[in-house]
Amino acid sequence: MAENLATAKPTPPKLNPVRVPIPEAPVEERTEDFREVLHSYSKEDAVLEAKRCVQCRRPWCVEACPISQDCREYIRLVADSEFDHAARVTLQENPLATTLCKVCYHYCEDACVVKRKGVPVAIRQLKRAALDFGASELVYVPAKPKGQRVAIVGAGPAGLMAAWELGVRGYSVTVYEQDPKLGGLLQTIPTYRMTDADVDADRARFQGLDVTFVTNTKVGRDRPFVSLLTDDGYAAVFLAIGTSSHRSIGIPGEELEGVLPALGFLKGPGPDAPASIGREVVVIGGGDVAMDSVRSALRRTGRGHVTLVYRRSRTEMPADPEEIHGAEEEGVRFVFQRSPVRFVGVSHVEGVVVQSVELAASADGGRRTFVPVAGSEETLACDTVIVAVGQKSDLTGAGPELDLKVTPQGWVEGRGKGYATAIPGIFAAGGRSVVYAMGAAMEAVEAIETYLAGLRGETSQPRPDPFGGPGQFRLPPGYTLPIRV
Ligand SMILES: Cc1cc2nc3c(=O)[nH]c(=O)nc-3n(C[C@H](O)[C@H](O)[C@H](O)COP(=O)(O)OP(=O)(O)OC[C@H]3O[C@@H](n4cnc5c(N)ncnc54)[C@H](O)[C@@H]3O)c2cc1C
Ligand code: SF4
Ligand code: SF4
């Protein structure tokens, strides 16, 4: 009998496939203004949802997170109603937790074991619950000062992550940002998803660190980035310049009034964005920026019509499925397999000429190629067009001496280990989403730490507990167990 017990396989935990619904604004009210669509769980619902997590021995969710956020642990704490501890666990690895609990594309949920049976655990929403009901006002504590200064160019997610990583390690950090506000492209995310207050809440926890933000300052305009090392005496430089420039579509008529770049439109009223738009809007693109554009346009047209034109099929849209679903629910019209050919109008845009395309298998087995269908041109009448076909880096100040790699999505990276550029002491990285940009910055900081420790004649140290405690919370990428070191 005893032998049988010893050899018996443990019973696998039962997976509950049904998620506790995330509260959201009624569809019919959503497009009236920019009020938040997704709302918080109540405490009771958060606990119920957290109890769906089976605490996998191998935490697939944590491994899928680009910053190795220990979501398994904060979910366990939420399930036990230990919200203060859950907040602390969340914040000790994630300096943009308030932002990410609203806008992260939750790669963790795609990997969650419960997804095999139904809807994955609402890991992002439980991060929000941890911060809503736990001690989210915690302040980071720096390690003993290292006596070395580091410059960061760009205060988007990558720059902020690097500033935090370096700040908690005891470096003196200056972050230069060309815009008046911090956050980089977070500034373009519509307020029905997140607001400036979320970035402010994250930034407030930096107050104890030796991190100085210098806004309205474009580095590289008058002198190359490398002068931060050679003239300004920084020991290392991290370029986190992201993709702040609009990528144009390159078809005739783009200069017409009413043809707007998505970034300018989404940044809200400002030099690039008109206060109001027309009532027949066409958005071109199929990614997340296009989704934010259609849903924002719906809210700004005053019950007008918004059409999305995408040259591939629905299943090939790169946008987050949740965002596509939201746009569909709110009444956006989708036109697939149409490629814009030109914009027409006298001085103001009056229509977009589109052509049908057929999709054919590509020779290399990659994404399908599209073949225009002869004689299929038609005009979609409109008074506003928003072009959302991508962004690119503004490379002013980045000379060839850095030998930067420009990624297909437009941001730049150093080609060396830890994103080192060809100039020793200068590193560059970014990412396709907030948490990917943060993950790249995390990797870069490890290399920066090694470089700076080398200058001091020391070996590099792991990140200390950012709240000044005795533990170390550095999680090596790709780890399985144990979570804590
Ligand atoms: C409309 C929109 C919606 C998005 N929604 C989501 C979402 O829901 N979830 C998600 O995960 N991702 C989303 N993304 C993508 C995400 O915002 C980016 O992947 C992320 O911001 C990249 O971070 P980064 O730090 O690399 O670059 P950026 O965010 O581009 O930041 C770079 C910063 O550097 C500054 N800068 C550039 N050059 C200089 C210079 N020479 N001197 C000083 N400052 C400089 C820029 O002003 C900017 O602030 C969205 C993007 C857009 C455009
Ligand atoms: S940061 Fe994003 S990917 Fe990581 S655990 Fe949180 S929601 Fe998931
Ligand atoms: S994969 Fe899902 S069930 Fe497993 S620990 Fe992570 S959240 Fe819990």
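Biologist: Why is the meeting of the K102 and E36 side chains called a salt bridge?

Modeller: The N to O distance is 3.4 Å, and the cut-off is a side-chain nitrogen of Lys or Arg within 4 Å of a carboxyl oxygen of Asp or Glu, so this pair qualifies. The partners come from distant parts of the chain, 66 residues apart: K102 sits in helix 7 (residues 97-103), E36 in the loop between helix 2 (27-30) and helix 3 (43-50). Helices here are DSSP runs of H or I with at least four residues, strands runs of E with at least two, both numbered from the N terminus.

Remember that this is a predicted model: local features need pLDDT of at least 70, side-chain atom pairs need 80 or more, totals for chains, interfaces and linings use all residues, and side-chain values rest on heavy atoms, without hydrogens or water. Residues count from 1 along each chain as written, while chains are lettered from A and ligands numbered from 1 in written order.

Biologist: What makes K102 buried?

Modeller: Its relative accessibility is 16%. Buried means under 20% relative accessible area, exposed over 50%, partly exposed in between (1.4 Å probe, protein chains only), so K102 falls in the buried class. E36, at 25%, counts as partly exposed.

Biologist: How do you know that R193 and D292 form a salt bridge?

Modeller: Their N to O distance is 2.8 Å, which is within the cut-off, so the label fits. R193 lies in the loop between strand 2 (172-176) and helix 11 (196-204), and D292 in helix 14, 99 residues away. Both R193 and D292 are buried.

Biologist: Why do you call helix 14 mostly covered?

Modeller: Of its 13 residues, 11 are buried, among them D292, R295 and R299. From first to last C-alpha, helix 14 reaches 18 Å, close to the 18 Å expected; the expected span is 1.5 Å times one less than the number of residues. Just after helix 14, G302 has a positive phi of about 65°.

Biologist: What makes R314 and E328 a salt bridge?

Modeller: Their closest N and O atoms are 2.8 Å apart, so they pass the test too. R314 is in the loop between strand 8 (305-310) and helix 15 (321-330), with E328 in helix 15, so the pair ties parts 14 residues apart in sequence. R314 is partly exposed at 37%, and E328 is partly exposed at 32%. There is also a network of salt bridges that share partners, including R193, D292, R295 and R299.

Biologist: How many salt bridges does the structure hold?

Modeller: The count is 35.
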